[in-house]
Structure formats: structure tokens, C-alpha cells
Amino acid sequence: QQDELLCTYAALILHDDGAEISPQAMTNLIKAAGCSVEGYWPMLMAKMISNVGMDALIKMGSGAGGGGGGAAPAAAAAGGDAAAAGGASGGATEEKKKVEEEEEEEDMDFDL
């Protein structure tokens, strides 16, 4: 999981700076931080980001619904105030619906 997180943070830093998110740029950033990852991680993450888009991944991870790849939740955790604020209201609504459904199920229980 550490390799995945390092790549996620590197991608977020590159995205925040407006730089290209490439395997080489991610590897350079990770090495500059004094860390290392397996060689396939930066390539895998960069390909996923180019296919899905960094903004879409940040939005996916900022909701309370779960789902997505391992990068999405990590991206949401470090995604910044805008992404967190955007998902906070949607997550609260979804949480409220779940609680209401659970309460309805409890009401159906019969005591003897």
C-alpha cells in the first residue's frame, strides 16, 4: 500500500503544479522524497490517470459511496478543500438515506 500511496501523492503534486503526470515525473518526485517504489507502480498509475483523468479520480474518491480504485480514496484524502467540500454534502445525504433505511428495518422487528 505504501507504493500506491507514494504514487498517488506524487500524482497529486504533479497535478497541483500543472505538470504532466508521467511515470518518469512520478519516479523522480518519489526519489526526491527519499523513497522508492516498484517499477510498475508509476507506469500503472500514470496510465490509469491518462485514461480516467485526474479530476474524475478526485471526484470519485470524495464521495462517501466507496468504490473506485485504491488511488481514488487516497486522492480524495489529499485532494484539497475543493474536492472535499464538493463531496461532503453529497456524502452526508447518502449517509442520511442509509440511516433512514436501517431505522425502517428496525421498525419491522416484532417483539414477543
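What span should the 16 residues of helix 1 have at 1.5 Å a residue, and how far apart are its end C-alpha atoms? The expected span is 22 Å, and the end C-alpha atoms of helix 1 lie 22 Å apart, so the two agree. The model behind these values is predicted.

## Overall fold

The chain holds 6 helices and 0 strands. Read from the N terminus, its elements run α-α-α-α-α-α. The chain has 112 residues, of which 28% are buried.

## Helix 1

Helix 1 covers residues 2–17. Its buried residues are Asp 3, Glu 4, Leu 6, Cys 7, Thr 8, Ala 10, Ala 11, Leu 12 and Leu 14. The list thus takes in charged side chains, Asp 3 and Glu 4, as well as nonpolar ones such as Leu 6 and Leu 12.

Gly 18 follows helix 1. The phi of Gly 18 is positive, near 80 degrees.

## The nonpolar core

The largest nonpolar core has 16 residues. Cys 7, Ala 11, Ile 21, Met 26, Ile 49 and Met 54 touch the most other members. Four helices each supply at least two residues of this core: helix 1, helix 2 (23–32), helix 3 and helix 4 (54–62). Helix 1 gives the largest share, 6 residues.

Met 26 belongs to helix 2. Its relative accessibility is 0%, so Met 26 counts as buried. Across the sequence, Met 26 and Thr 8 are 18 residues apart, yet their C-alpha atoms are separated by 9.0 Å. Thr 8 is itself one of the buried residues of helix 1.

## Cysteines

Which of these descriptions fits Cys 7, buried or exposed? Cys 7 is buried, because its relative accessibility is 0%. Cys 7 is also among the core residues that touch the most other members.

Cys 35 has a relative accessibility of 27%. That value lies between the 20% and 50% cut-offs, so Cys 35 counts as partly exposed. A search of the whole structure finds 0 disulfides.

## A nonpolar surface patch

Not every nonpolar side chain is covered. Tyr 40, Met 43 and Leu 44 form a nonpolar patch on the surface. Together they have about 330 Å² of accessible area.

Leu 44 sits in helix 3, which spans residues 40–52. Its relative accessible area is 48%, so Leu 44 counts as partly exposed; the cut-off for exposed is over 50%. Helix 3 also supplies at least two residues of the largest nonpolar core. Helix 3 therefore has a part in both the surface patch, through Leu 44, and the core.

How values were computed:
Residues are numbered from 1 along each chain as its sequence is written. This is a predicted model: local features need pLDDT of at least 70, side-chain atom pairs count only at pLDDT 80 or more; totals for chains, interfaces and linings use all residues. Side-chain values use heavy atoms; hydrogens and water are left out. The expected span of a helix is 1.5 Å times one less than its number of residues. Buried means under 20% relative accessible area, exposed over 50%, partly exposed in between (1.4 Å probe, protein chains only). A disulfide is a pair of cysteine sulfur atoms within 2.5 Å. Patches are made of residues with over 30% relative accessible area and no salt bridge: like charges are joined within 9 Å, nonpolar side chains (Val, Leu, Ile, Met, Phe, Trp, Tyr) within 5 Å. Accessible areas come from the Shrake-Rupley method with a 1.4 Å probe; for residues, only the protein chains shown count as cover. A salt bridge is a side-chain nitrogen of Lys or Arg within 4 Å of a carboxyl oxygen of Asp or Glu. A nonpolar core is a set of buried Ala, Val, Leu, Ile, Met, Phe, Trp, Tyr and Cys residues joined through side-chain atoms within 4.5 Å.
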